[in-house]
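Q: Please take a close look at strand pairing for me. I would like one connected account, with the cut-offs spelled out as you go.

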Amino acid sequence: MKRDSYFLVFILILLGLALWAILPTNSTRLGRNGFQLGLDLKGGTHLVYQADLSQKDPSLTDAQALAAVKATIERRANASGVTEPLIQTQGSDRIVVELPGIKDVDAAINLIGTTALLQIMVKHYDTSGNAILDANGNPWFVATAMGSDGVTHELTGKYLKPNAQVVLNQTTNQPEVSFEWNTEGAVLFKQITSDNKGKLLAIFLDQTNIETATVQDVISDRGVINGLKLKDAQNLVIQLNSGSLIVPLTVIQRTDVDATLGADSLTKSLTAGAIGIGIVILFMIFYYGLPGVIAATALLIYSALVLAVYKLIPVTLTLPGIAGFIISVGMAVDANVLIFERLREELRAGRTLHRAVDEGFRRAWPSIRDSNISTFITCIILYWFGNTFGAFMVKGFALTLFIGVAISMFSAVLITRTFISQLIGGGMVKGLSIHEVKNNV
Amino acid sequence: MFDFVGKRYWFFLLSALIIIPGIISLSVFGLKTGIDFNSGTSMTLHFSPSVDETQVRSTLSNLGYKDAIVQHTGADDFIVRLATTELITDQTKNQQLINGLNTQLNTTTEQKDLSVLSAAIAAQTARNAVIAVIVAAVGILLYISFAFRKMPKPLRWGTCAVIAMIHDVLVVVGIFSILGWAAGVEIDALFITGMLTVVGYSVHDTIVVFDRIRENQSRGGGGSFENVVNSSILQTMTRSLNTSLTVLFVLLALFVLGGATIHYFTLVLLIGVITGTYSSVCNASQLLIVWENNEWGRFVSWIPFLRKKAVEG
């Protein structure tokens, strides 16, 4: 059988590629560092933020506002040094943030979810030199100035260059945040400082006064904020450089996972999976004899292919995801069982080995196809379900099961068939029918 | 040839015997819902040196968490549940809680994990779960009706498969409702995942039997529909058992040796695979006969509490 020889070569090449991709398991080939593990396996925190879109700028659509918030969070998470943070929008007004391997969750929540709106405030004075108070008795007003476009603008953090940094004050040796205005900001700031020379000027962050100073001179392009703790200064720098959040966020779900717990679960599940697959292989060999050995071989190749696909996509492996993989092994076996049972029937009906193999595969195919499509439908719905409410575990399971079942169809039809045909074609097997009859007494 | 279909009412009776207690439990106690469906806070605490459950409970009560539920989960680990969600944003509260436990119990408390869920998300999760099951049922019904479109009355096949599927859902949900009050087992998002997998598996299994009926019927010469169904069930029996056995081997290994996180998840699948195999062999195809022979009257009169009505009617 010429065609089957080509298939055999194809399968071997595929297997070689798969093994090259997955071994060793911690290899950095293809630009990836081992398998991508989910939060439940490597520890970390999973946060769901609710965005208050009622407070957005009316010129933006909900989707634009949410995308802008997501971008800001991404900049903050990346700047904070967390490895591989995952930020996704969920539904129309939520953002899911996953921070793997993080220790100080509270600080991270603070850093990510704070609005960080920086405003320059000034006091206005009446003719007798007393500060004017607003309706709430507050003396500070947002500083405004004429922009280069001839329109009055408030001076806020959006006119900052994204190059704020923590510096140590030369004389006091205390940390300060130094920032720089962009061209338009400099125009506004120059005007504000000249208007308020000799008077007080303040920097507010989210309605809190963090810096007050007397304007000594007209300044345009830069400023400093001092009196901060080092940690706060570092956070402020990240927030200023990433821009403020355009709508307020609240945490509505938080899940922390201990890393040691995850490692323990991983080992246990992998052991269980290996033992389970081992039993399946023994069962197949014991029950079906030589075809069982072929099925077992096909199953091992199948596992290698699935793992390679996980790594290439890449699929984030979670505990239920591993369970999904192990269950897909069971379903891969099902396709083989269907084929072998058919093969047996055809042999019993008195067909030759060659005919029986062809018929067996042909007749088993509709069952394999229809039953697997129903599993695909379930997987797609599960994935949607997991995605809608941010359950990364459910998503992981749906994805691994889907990939597993898809490859299992390929494996049953191509791998098992090619092997059997090769064995028969090479004249290595003549006794298949004898074994079958013996088993059916 | 073993007369499988002739015993169909015995099979229905066995299904009823398993499902009815579950439904009663479900209507009396409902399901014990875990963190994914209730708003609140859940955390795992580890104490060294060790303390006992009552101490933890009374200390939490002293700290103002009177409604705290404390559960000992082995070694020196405790799962603590609070109705509040304030720990999510108010970090000082969380620190105060740990410090309070440390000083009052004279121990070191390690917070191994923490999850907090607000009411909005909890309600949505439950709603989405129900929608997911319904969408899955409709999707499968449509697909099977499509796959059997060349058969007379294709919708019938899909409906019977979906009834068998609902049977399996009821078995699993019923058992978990009983486990809820009997053993404190809670359902979570993973339970829904398991449930949907069971749905997929159940249909997967049913289709294999249906496929055989379709093939035998279109080949003709099999005699009455009952005979065709019976021989189809027998022909696929080895396959059904072998496949279920292989899947069960894997699941048993996961159940016994797998991590605690997926313990009940694998239990859902274990029960689901057993009932899924049972229902495809003993219910789904048998229902096709009930339908074909138009035995619904008998089917209804056979259900004890409906019998009287049917007789009267």
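A: Happy to. Two strands count as paired if DSSP finds at least two bridges between them. Strands themselves are DSSP runs of E with at least two residues, helices are runs of H or I with at least four, and both are numbered from the N terminus. This is a predicted model, in which local features need pLDDT of at least 70 and side-chain atom pairs count only at pLDDT 80 or more, while totals for chains, interfaces and linings use all residues. Residues are numbered from 1 along each chain as its sequence is written, and chains are lettered from A and ligands numbered from 1 in the order in which they are written.

Let's start where the pairing crosses between chains. Strand β13 of chain A, residues 249–257, is joined to β4(B) by four bridges, and the two run antiparallel. Within this pairing, T255(A) faces S115(B) of β4(B). Strand β4 of chain B (108–117) is also one of the elements that each supply at least two residues to the side of chain B touching chain A; α4 (119–147), α6 (189–219), α7 (225–257) and α8 (263–292) of chain B do so too. Altogether, 52 residues of chain B are in contact with 56 residues of chain A, contact meaning that C-beta atoms, placed from the backbone, lie within 7 Å. The side of chain B that touches chain A has 28 nonpolar, 20 polar and four charged residues. Here Ala, Val, Leu, Ile, Met, Phe, Trp, Tyr, Cys and Pro are nonpolar, Asp, Glu, Lys and Arg are charged, and the others, Gly among them, are polar.

Chain A also has pairing of its own. Four of its strands form an open sheet in the order β5-β4-β10-β11, paired antiparallel. At the edges sit β5 (140–142) and β11 (208–214) of chain A, each pairing on one side only. Neighbouring strands in this sheet are turned by 35° against each other on average, direction ignored; the axes are lines fitted to C-alpha atoms, for helices over the stretch in contact, and angles run from 0 to 180 degrees between N-to-C directions. Strand β4 of chain A (residues 118–123) pairs with β5(A) over three bridges in the antiparallel sense, and V122(A) stands opposite F141(A) in β5(A).

For context, chain A has 12 helices and 13 strands. The domain assignment, automatic or from a database, splits chain A into domain 1 (2–38 + 258–439) and domain 2 (44–257).

Key
Two residues are in contact if their C-beta atoms, placed from the backbone, lie within 7 Å.
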